[in-house]
Structure formats: structure tokens, C-alpha cells
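Visitor: I have a model open on my bench screen, and I keep meeting terms I would like explained. Could you walk me through them?

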Amino acid sequence: MAVTPTQFARTTRSSANWSDAKRRVLAAYREWIRAAPEIQTMYSVPFPVAVIRTRMRQEFERHRFVNKLPVVDVLLMQNNAEYQETMNFWKQTTHVMSYFKTENFRAERLPTNFMSGFLEASFSTTIPSSRKPPG
């Protein structure tokens, strides 16, 4: 798939009123929700699509009570840039996975402190001998 940088580009504009802003926010939300299966495939996200969509909704809900129209416009601009970067595959998997801190799939493997991790690694690895025993 060829990346067309302008495929997901949106022109920067201000909302005329609150109903226009609401329409734009809902359109942006729908774009993200529809793109969840593709994002899961592109970035090999180890979570089901439902978890990805839930996280997307949480991001939109985080700004639910913004009550200044210029702030909503700035958030929409940031949203458009984020969507374009995500869909054009300009991000790395770690950037996408940073949204899933609570569902961190590596948390149970990480050591609690440096020393326990060091000792665990040094005792669990065996150095293979390159010499063959005589005989």
C-alpha cells in the first residue's frame, strides 16, 4: 500500500458555532472508530478491536467538558494531525501502544527493581560452550 501523505489531510479551520464544532467532533470520532480494525492490523496491536475502540472513546471523553470554542478547534486540529500520522503509518508501534498503559502486556515481566532484574537475567542465562569435550 502506497502512502499518500495528503490522503488524510484536513484543512485547518475554525468552527462557526457550537453545533458546527459538535458535528466536527462526532465526524472525527466516527473516523477513529471506523479505523480501529485497520489500526490493529497495521500496528499489530495485541488487543481486540473492542479494547482499541474503548480507548479511543476514553480519549474523546477526556475532553468532553471543554467549554471554549477555540480550545475545541485546537483539539480538533491536533486530532486531525494524530489521525493522519496514524493512518499514514508515520508512527511506530510503541507510539500507538503508549495509549494502552493500563493494558500494558509487558508489566508482569518487568522486574520491580534493578538488582532483581539483574540477578534474574544473570542466573537464567547459560553461556553455551563453543569447545567440544575431548573424546
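Guide: Happily! In this predicted model, residues 24 or more positions apart account for 68% of the contacts in the protein chain with a separation of 6 or more. The chain has five helices and zero strands, and buried residues make up 26% of its 135 residues.

Visitor: Why are H1 and H3 called roughly parallel?

Guide: The axes of H1 (residues 18-43) and H3 (residues 69-87) cross at roughly 20°. Angles under 35 degrees count as roughly parallel, and H1 and H3 therefore earn that description. Their axes come within 10 Å, and H1 passes H3 in a left-handed crossing.

Visitor: Which residues meet where H1 contacts H3?

Guide: Among them are Trp 18, Ala 28, Trp 32 and Ile 39 in H1, with Leu 69, Val 72, Leu 76 and Tyr 83 in H3. The residues of this contact divide into 14 nonpolar, two polar and six charged.

Visitor: What makes the pair of Phe 47 and Phe 100 tilted?

Guide: A search of the whole structure finds four aromatic pairs. In the pair of Phe 47 and Phe 100, the ring centres are 5.1 Å apart and the planes lie at 45°. Centres within 6.5 Å make a pair, planes under 30 degrees apart count as stacked and over 60 as edge-to-face; 45° falls in neither class, so the pair is tilted.

Visitor: How do you know that this pair links distant parts of the chain?

Guide: Phe 47 sits in the loop between H1 and H2, and Phe 100 in the loop between H4 and H5, 53 residues apart. Both Phe 47 and Phe 100 are buried.

Note on methods: Residues numbered from 1 in each chain as written. Predicted model: local features only at pLDDT ≥ 70, side-chain atom pairs only at ≥ 80, totals over all residues. Heavy atoms only, no water. Axes fitted to C-alpha atoms, helices over the stretch in contact; angles between N-to-C directions. Helix = DSSP H or I, 4+ residues; strand = E, 2+ residues; numbered from the N terminus. Parallel < 35°, antiparallel > 145°, perpendicular 65-115°, else oblique. Left-handed = near helix turned anticlockwise from the far one by under 90°. Contact = heavy atoms within 4.5 Å. Nonpolar A, V, L, I, M, F, W, Y, C, P; charged D, E, K, R; others polar. Phe/Tyr/Trp six-rings, centres within 6.5 Å; stacked < 30°, edge-to-face > 60°. Buried < 20%, exposed > 50% of the residue type's maximum accessible area, 1.4 Å probe, protein only.
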